[in-house]
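Here are a few exercises to work through with the model open beside you. Try each task before reading its solution.

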There are 2 protein chains.
Amino acid sequence: MRVFSYHEVESKKAEEGAKGLSVRWLITKEMGAENFAMRLFEMKPDGYSPRHSHPWEHEVYVLEGEGVVYGGGEEKRFEAGDVIFIPPNEEHQLINTGDKVVRFLCLIPYARTE
Amino acid sequence: MRVFSYHEVESKKAEEGAKGLSVRWLITKEMGAENFAMRLFEMKPDGYSPRHSHPWEHEVYVLEGEGVVYGGGEEKRFEAGDVIFIPPNEEHQLINTGDKVVRFLCLIPYARTE
């Protein structure tokens with residue numbers, strides 16, 4: 001068993017194409033999680049994630065803040081307590097439209113052998 | 001894309017062997033999530049999950065409240081903002097030792113074909 005605060009995990013600058021976005025890899029394969037990874041993202045006001053698509057899904061839970069998520073050709077507002085599911089291969093982007101940091105969990109699968 | 005509040009998902013009594021525990025299945029295979037499921041649990045004061053083990057892991061993020069988690073023969077305290085990883089086949093239990101509801105996300109893999 002592992003128990004730790006998210007604060008204990010290093011915050012790194014997120015990927016190319018993002019603005020004001022950092023990520024903490026909370027639970028990973030290195031810890032023994034073979035199936036999926038838990039990451040916590042922090043997005044500054046006016047920040048955004050890259051608008052892109054990829055063959056894996058996102059399972060998102062919004063912890064704090066508010067913004068807009070683009071996906072599948074539409075835009076929807078999100079706020080704390082919202083759940084977002086982005087299916088594989090759907091172009092998507094999260095944008096912080098508020099004046100506070102947006103914090104959200106985003107989980108992704110590790111590659112399957114099917 | 002799906003965007004919704006966790007409130008919109010029905011809260012059901014959790015499994016046998018639990019006390020004061022309810023669950024909302026937020027993201028599931030029925031929604032197109034083939035690899036893992038996101039559930040949100042709410043545990044009343046003095047509530048607990050069953051003490052058991054199974055061949056799949058748990059990835060947990062504590063949203064609110066405080067308590068004790070038992071796993072791998074030891075007990076540790078947890079509070080909001082904590083991350084808990086329970087590896088496969090490790091006996092485990094969460095217990096609400098505070099005076100407020102404990103809310104946590106608990107994600108599990110769907111069966112793998114390995």
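Helices (H or I, at least four residues) and strands (E, at least two) are DSSP runs, numbered from the N terminus. The model is predicted, so local features need pLDDT of at least 70 and side-chain atom pairs count only at pLDDT 80 or more, while totals for chains, interfaces and linings use all residues. Residues are numbered from 1 along each chain as its sequence is written, chains are lettered from A and ligands numbered from 1 in the order in which they are written, and side-chain values use heavy atoms, with hydrogens and water left out.

**Exercise 1. Place D46(B) in its strand, and decide: is D46(B) buried or exposed?**

Step 1. D46(B) lies in strand β4 of chain B.
Step 2. Buried means under 20% relative accessible area, exposed over 50%, and partly exposed in between (1.4 Å probe, protein chains only). D46(B) has a relative accessible area of 52%, so D46(B) is exposed.
Step 3. Now check the backbone: phi of D46(B) is near 70°, a positive value in a residue other than glycine.
Step 4. Turn to chain A, where D46(A) sits in strand β4. Phi of D46(A) is near 70°, again positive in a non-glycine residue. With 54% relative accessibility, D46(A) counts as exposed.

**Exercise 2. Describe the surroundings of G47(A) and E42(A) in strand β4 of chain A.**

Step 1. Strand β4 of chain A covers residues 36–48 and contains G47(A). G47(A) counts as buried because its relative accessibility is 0%.
Step 2. Contact means heavy atoms within 4.5 Å. Leaving out residues up to four places away in sequence, G47(A) touches K19(A), L94(A), I95(A) and N96(A). The C-alpha atoms of G47(A) and N96(A) are 5.5 Å apart, though 49 residues separate them along the chain.
Step 3. E42(A) is also found in β4 of chain A. Its relative accessible area is 13%, so E42(A) is buried.
Step 4. A polar contact is a pair of N or O atoms within 3.5 Å; within protein, one must be able to donate a hydrogen and the other to accept it, and residues adjacent in sequence count only if both atoms are side-chain atoms. The side chains of E42(A) and R24(A) make such a contact at 3.1 Å.

**Exercise 3. Which strands of chain B pair with β6(B)?**

Step 1. Two strands pair if DSSP finds at least two bridges between them.
Step 2. β6(B) and β7(B) (residues 74–79) run antiparallel, joined by 6 bridges. Here E66(B) stands opposite E79(B).
Step 3. The hairpin of β6(B) and β7(B) has 2 residues between the strands, and G72(B) takes a positive phi near 60°.
Step 4. β9(B) (residues 92–96) pairs with β6(B) in the antiparallel sense over 5 bridges. In β9(B), N96(B) is the bridge partner of G67(B).
Step 5. As for cover, 5 of the 6 residues of β6(B) (66–71) are buried.

**Exercise 4. Characterise the interface of chain B and chain A.**

Step 1. In chain B, 46 residues are in contact with 46 residues of chain A.
Step 2. Buried area is the accessible area (1.4 Å probe) that two parts lose on being put together, summed over both. The two chains bury about 3700 Å² between them, 61% of it on carbon and sulfur atoms.
Step 3. The rule finds 12 residue pairs in polar contact across the interface (both at pLDDT 80 or more).
Step 4. For strand pairing across the chains, β1 of chain A (residues 2–5) and β8(B) pair in the antiparallel sense over 4 bridges. R2(A) stands opposite F85(B) in β8(B).
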